[in-house]
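I opened this notebook page to record what surrounds each of the ligands. The entries follow the order in which I looked things up.

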Amino acid sequence: MTSLVDAKRVRILSELSLKNGPVVYWMSRDQRVNDNWALLYAQELAISKDAPLAAVFCLWPQFLGAGSRQYHFMLAGLREVERSLTQLGIPFCLLHGDPGAEIPQFLEDCGAGALVSDFSPLRISRGWKNAIAARIALPFYEVDAHNVIPCWHASAKQEWAAYSFRPKVHRLLSQFLVDFPAIKRQEIRWPGEVENDWKRAEKGIEAEAVPEVNWLVPGEAAARAILEDFLSRKLPGYDLNRNDPIKDGQSNLSPYLHFGQISAQRAAMQALSGPTDASAFLEELVVRRELAENFCYFNPDYDSINSFPGWAKETLRVHQKDRREHLYSLRELETAKTHDDLWNAAQKEMLCRGKMHGYLRMYWAKKILEWSESPADALHAAIYLNDKYELDGRDPNGYAGIAWSIGGLHDRAWKEREIFGKVRYMSYNGSRSKFNVPAYVKKIGALSC
Ligand code: FAD
Ligand code: FO1
């Protein structure tokens with residue numbers, strides 16, 4: 001099959017000859033219809049076999065500490081996917097439970113001839129795929145539809161810093177920043193009716209109640225509008241404004257990128273096609289984001305202090321017993337009850353808006369290191385809070401961002417000091433020199449949730 005999908009983007013998880021029967025795209029990470037290489041690959045396969053195509057999503061009731069706010073954002077986006085696919089004559093089937101069991105069952109029930117999935121470097125996704133591959137006797141393809149450069153192609157090893165990863169990305173960009181074919185309307189009818197039980201989906205979520213976020217509209221269409229608005233209004237000042245929590249300088253794309261409601265490749269191509277210099281944005285969107293993917297892909301301990309670089313593990317060990325002037329429990333941190341008004345405001349921004357400003361996330365996590373009994377406790381607290389409240393949480397960016405802040409990942413050694421050792425330190429006064437801290441504290445103080 002001569003494919004429009006670059007073969008470097010496709011991995012074969014179980015090599016078996018194509019069988020007759022429908023092609024199934026198991027949608028998980030890339031929850032969108034447009035610009036989705038996994039869906040495109042599945043459709044090409046179906047057309048080459050003159051077989052019907054269906055997309056399935058399996059709802060797992062408690063995903064890495066996600067709260068109700070994240071599930072509601074995701075489900076709203078999935079309902080839009082269902083509407084869009086149905087208009088294209090492609091059924092969207094919502095399953096409930098463990099994908100390791102439900103996907104094989106679905107494939108058996110519909111007599112599928114092949115399975116296509118999207119890609120995630122996280123342990124949970126790998127576990128699901130291993131369970132499915134062990135239970136099916138079908139060709140099973142994995143397509144990296146999330147990254148501009150397929151993760152396994154960008155580098156053959158864990159990269160220790162952006163400076164060694166950046167040239168690899170820039171060398172490959174032109175090869176992968178290619179246009180997406182449009183998804184075709186499916187003429188072949190899917191045997192049987194598909195009726196999704198969204199009420200059951202809502203009721204089945206076993207997530208803690210976390211206040212809803214209503215300043216962002218979920219879904220693929222809203223994501224596109226946010227991108228267009230960012231590119232026209234904010235890209236020109238991005239490098240200057242992105243690190244100032246008072247200015248609305250960031251794109252707000254991360255929740256949409258996390259849930260796959262927009263393609264990072266689409267965002268990159270749109271940014272590059274405009275008149276404004278997009279290098280600062282591409283640095284974050286491609287180099288930094290795909291460096292985080294590289295970290296989680298090659299380092300199975302991505303959510304443990306074992307993943308820290310050797311120099312950082314050593315220096316934090318040496319300073320483990322240093323006196324902590326302040327110590328806070330997870331509960332005190334969660335409820336933003338520390339002595340530091342800037343930290344409390346950042347925590348409250350995350351609690352109420354579901355998206356802490358990027359600059360403050362570094363300060364926020366580093367202070368948790370300073371105010372915890374041990375780096376391991378700090379890592380646990382930061383991941384717990386990040387994944388429970390951030391719309392964009394439970395993501396390689398989060399594990400890498402927290403390991404950068406607490407364990408010097410992708411960073412170098414700095415001047416040695418108490419508790420941090422040679423891990424980069426960030427201070428309250430340092431923040432004051434960067435932006436108007438009282439104005440930020442006042443702005444967040446006005447929030448209620
Ligand atoms: P923009 O500045 O508009 O950036 C555009 C895109 O570039 C982002 O959506 C993201 O995909 C990527 N990007 C930007 N900064 C980074 C970065 N430092 N590392 C990797 N990719 C980046 N990002 C998440 O998506 N989920 C998380 O859970 C998360 N947790 C973090 C925790 C800590 C302690 C730190 C230091 C960073 C964390 N980040 C996380 C990275 C970054 O802060 C967010 O991606 C960014 O603030 C999202 O807002 P935006 O899309 O408006 O950013
Ligand atoms: N993906 C799924 O396939 N099923 C889910 O039930 C599911 C829930 C979920 C909740 C919060 C969240 O942030 C992401 C969620 N995802 C879910 C998407 C997740 O990004 C993908 O499963 C990745 O493949 C995991 O690495």
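Entry 1, ligand 1. I began with secondary structure, and found that helix H10 (254-258), helix H12 (279-298), helix H16 (358-370) and helix H18 (396-407) each give at least two residues to the shell around ligand 1; helices here are DSSP runs of H or I with at least four residues, strands are E runs of at least two, and both are numbered from the N terminus. I note that this is a predicted model, in which local features need pLDDT of at least 70 and side-chain atom pairs count only at pLDDT 80 or more, while totals for chains, interfaces and linings use all residues. I also note that residues are numbered from 1 along each chain as its sequence is written, that chains are lettered from A and ligands numbered from 1 in the order in which they are written, and that side-chain values use heavy atoms, with hydrogens and water left out.

I then listed the neighbours: ligand 1 has 25 residues around it, of which Tyr238, Ser251, Asn252, Lys355 and Asp392 come nearest (a residue is near if one of its heavy atoms lies within 4 Å). By class I read 8 nonpolar, 11 polar and 6 charged residues, where Ala, Val, Leu, Ile, Met, Phe, Trp, Tyr, Cys and Pro count as nonpolar, Asp, Glu, Lys and Arg as charged, and the others, Gly among them, as polar.

For polar contacts (pairs of N or O atoms within 3.5 Å), I found a polar side-chain atom of Lys355 at 2.9 Å from an oxygen atom of ligand 1, and a side-chain N or O atom of Arg361 at 3.4 Å from a nitrogen atom of ligand 1. The protein buries 93% of the 820 Å² that ligand 1 exposes when taken alone (Shrake-Rupley method, 1.4 Å probe).

Entry 2, ligand 2. I counted 17 residues around ligand 2, with Ser28, Trp60, Ser120, His258 and Arg394 coming nearest, and the shell divides into 10 nonpolar, 5 polar and 2 charged residues. Oxygen atoms of ligand 2 pair with the side chain of Ser28 at 2.8 Å and with a polar side-chain atom of Ser120 at 2.5 Å, whereas a nitrogen atom of ligand 2 lies 2.8 Å from a polar backbone atom of Cys58. The protein covers 99% of the 510 Å² of accessible area that ligand 2 has on its own.

Which element gives the largest share of the shell around ligand 2? I found that E3 does, with 3 residues.

Notes:
A polar contact is a pair of N or O atoms within 3.5 Å; within protein, one must be able to donate a hydrogen and the other to accept it, and residues adjacent in sequence count only if both atoms are side-chain atoms.
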